[in-house]
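This report covers charged side chains: how they pair and where unpaired ones collect on the surface. The sequence and structure are shown first.

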Amino acid sequence: MIKKPRGTTDVFPEEVVYWQRIESCARKTAAKYGFGEIRLPTLEMTELFQRGVGDTTDVVQKEMYTFQDRDGKSLTLRPEGTAGTVRAIIENGRCSDALPLKLYYILNCFRHEKPQAGRYREFWQFGVEMFGAAGAPADATVISLANSLLRTLGVKDITLHINSIGCPKCRPAYHAALKEYFSAKKDILCPTCQGRLETNPLRILDCKNPECKELAESAPKTIDFLCPECEAHFASLKRCLDAEGIEYGIDPMIVRGLDYYTKTVFEFIAPVVGAQSTVCGGGRYDGLMKELGGPEMPGIGFGMGINRLILAMQGSGVTLEPDDRPALYIASMGEKANETAMGIVEALREEGIHAETDLCARSLKAQMKYADKLGAAYTLILGDSELASGTAKLKNMSDSTQTDVSLSDIAALRSLVTE
Ligand code: HAM
């Protein structure tokens with residue numbers, strides 16, 4: 001048997017209902033906040049992520065699905081949606097659109113991580129990105145959008161963690177402090193982090209290696225090294241969140257695993273998911289547009305993991321079932337009756353009704369058993385005598401009451417089965 005690649009998922013209707021609920025609520029929430037949808041290619045040039053996400057990150061160093069296409073170009077299956085969104089804005093000359101420019105996406109991402117519950121190699125994100133608004137009210141708006149969606153979906157016990165990781169002005173002093181701290185413990189670090197000590201010590205803080213993780217816990221905190229501008233921005237964010245009535249905790253351990261972040265970073269954590277409890281992560285990325293060849297333009301956004309969100313909803317007791325029960329099942333006896341039944345169900349479907357009839361030449365008993373399994377609200381038996389009289393008995397399956405109906409009066413049948 002050929003199996004699916006490790007870390008990918010097959011989703012059947014019983015679970016697709018959760019996806020549909022999330023996608024529809026995400027679209028409605030995005031619309032309330034004035035975000036329009038962007039659709040992007042699954043493949044991007046590898047360089048986009050090397051420059052955008054950063055080539056000292058775990059994502060770029062260890063997790064990308066990169067290959068040469070038949071033209072010899074290096075392409076990568078997107079590991080996230082922010083870099084592609086920024087590229088699309090620059091490439092399509094949308095930097096001069098009315099600001100702030102507000103976009104959202106629902107897309108699949110690919111990362112070669114070690115699969116476990118809540119962590120996959122192909123996963124989906126609902127993400128939003130806002131460009132051209134430098135102040136903390138933009139940060140608070142994006143956070144509030146995520147908060148609103150999570151509440152609408154019924155996720156329980158979710159907490160918002162915020163931090164500031166400073167800007168290029170305050171970062172050199174912080175990097176120096178980190179370098180000093182980790183240099184003294186260099187031998188304990190994994191080989192990748194030993195290299196990061198020279199290139200980008202901040203990245204050691206989100207290494208997944210247990211030894212590096214333990215050392216990171218006592219490392220200097222970004223928040224103690226903020227320049228006056230970053231400090232004022234963070235203070236303003238806290239005031240905006242207070243004004244919006246959104247609860248949060250300051251968490252100096254949140255540094256995020258991608259290089260483009262500046263100032264605000266945040267995560268929504270739902271312990272109900274288990275070890276992979278971060279259902280949403282985001283932050284400000286004021287230098288990314290310029291880095292990718294566009295104008296100087298601030299940005300802020302988040303990515304919400306849809307697969308994790310489903311685990312969080314299920315863990316919170318949200319139960320959804322597919323709405324797939326037919327309003328009517330017509331059981332037929334004989335070819336002529338089956339053809340008449342085909343005509344009736346098709347006419348009802350035209351009216352927007354879910355109606356079914358036999359497609360497997362089953363016996364009457366087997367058809368009734370099948371109708372029961374489908375959970376049909378009404379059944380109708382069609383045989384020679386019904387065809388001759390042009391009427392049949394419509395049975396309400398919940399109380400077994402029967403009503404005579406005319407086979408040619410589709411409007412009457414429609415109103416009876418949708419009562
Ligand atoms: P990220 O933290 O790498 O950020 O991913 C965002 C969310 O995607 C995570 O919080 C998690 O819910 C989900 N996620 C990440 N990796 C996996 C995985 N292997 N399996 C399942 N779910 C996963 C970003 O991707 C940024 N682009 C977010 C952003 C947008 N920042 C600013 N704008």
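## Salt bridges overall

Searching the whole structure, which is a predicted model, gives 25 salt bridges. Three of these pairs are described individually below, together with one network and two surface patches of like charge.

## Pairs between distant parts of the chain

Arginine 414 and glutamate 351 form a salt bridge in which the closest N and O atoms are 3.2 Å apart. This pair links distant parts of the chain, with the two positions 63 residues apart in numbering. Arginine 414 belongs to helix α15 (residues 410-417), while glutamate 351 sits in the loop between α12 (335-350) and β13 (355-357). Arginine 414 has a relative accessibility of 30% and counts as partly exposed. Glutamate 351, with a relative accessible area of 40%, is partly exposed.

A second link of this kind joins aspartate 404 to lysine 393, and the closest N and O atoms of that salt bridge are 2.8 Å apart. Aspartate 404 is in strand β16 (residues 402-406) and lysine 393 is in strand β15 (residues 391-396), eleven residues apart. Aspartate 404 counts as exposed because its relative accessibility is 55%, and the cut-off for that class is over 50%. Lysine 393, at 46%, counts as partly exposed.

## A network of shared partners

Asp58, Lys62, Glu63, Glu113, Arg119, Arg196 and Lys208 are joined into one network by salt bridges that share partners.

One salt bridge among these residues pairs arginine 119 with glutamate 113, where the closest N and O atoms are 3.6 Å apart. Are the two residues buried or exposed? Both arginine 119 and glutamate 113 are buried.

## Patches of like charge

A patch of negative charge on the surface consists of Glu14, Glu15, Glu321, Asp323 and Asp324. Glutamate 15, one of its members, lies in helix α1 (residues 13-32). The relative accessible area of glutamate 15 is 32%, so this residue is partly exposed. That value also meets the patch requirement of over 30% relative accessible area.

A patch of positive charge is also present on the surface, where Arg362, Lys365, Lys369 and Lys373 gather. Lysine 369 is found in helix α13 (residues 364-374). With a relative accessibility of 66%, lysine 369 counts as exposed.

Terms used:
Residues are numbered from 1 along each chain as its sequence is written. This is a predicted model: local features need pLDDT of at least 70, side-chain atom pairs count only at pLDDT 80 or more; totals for chains, interfaces and linings use all residues. Side-chain values use heavy atoms; hydrogens and water are left out. Patches are made of residues with over 30% relative accessible area and no salt bridge: like charges are joined within 9 Å, nonpolar side chains (Val, Leu, Ile, Met, Phe, Trp, Tyr) within 5 Å. Accessible areas come from the Shrake-Rupley method with a 1.4 Å probe; for residues, only the protein chains shown count as cover. A salt bridge is a side-chain nitrogen of Lys or Arg within 4 Å of a carboxyl oxygen of Asp or Glu. Lys and Arg count as positive and Asp and Glu as negative; His and the chain ends are not counted. The place of a charge is taken as NZ of Lys, CZ of Arg, CG of Asp or CD of Glu. Helices (H or I, at least four residues) and strands (E, at least two) are DSSP runs, numbered from the N terminus. Buried means under 20% relative accessible area, exposed over 50%, partly exposed in between (1.4 Å probe, protein chains only).
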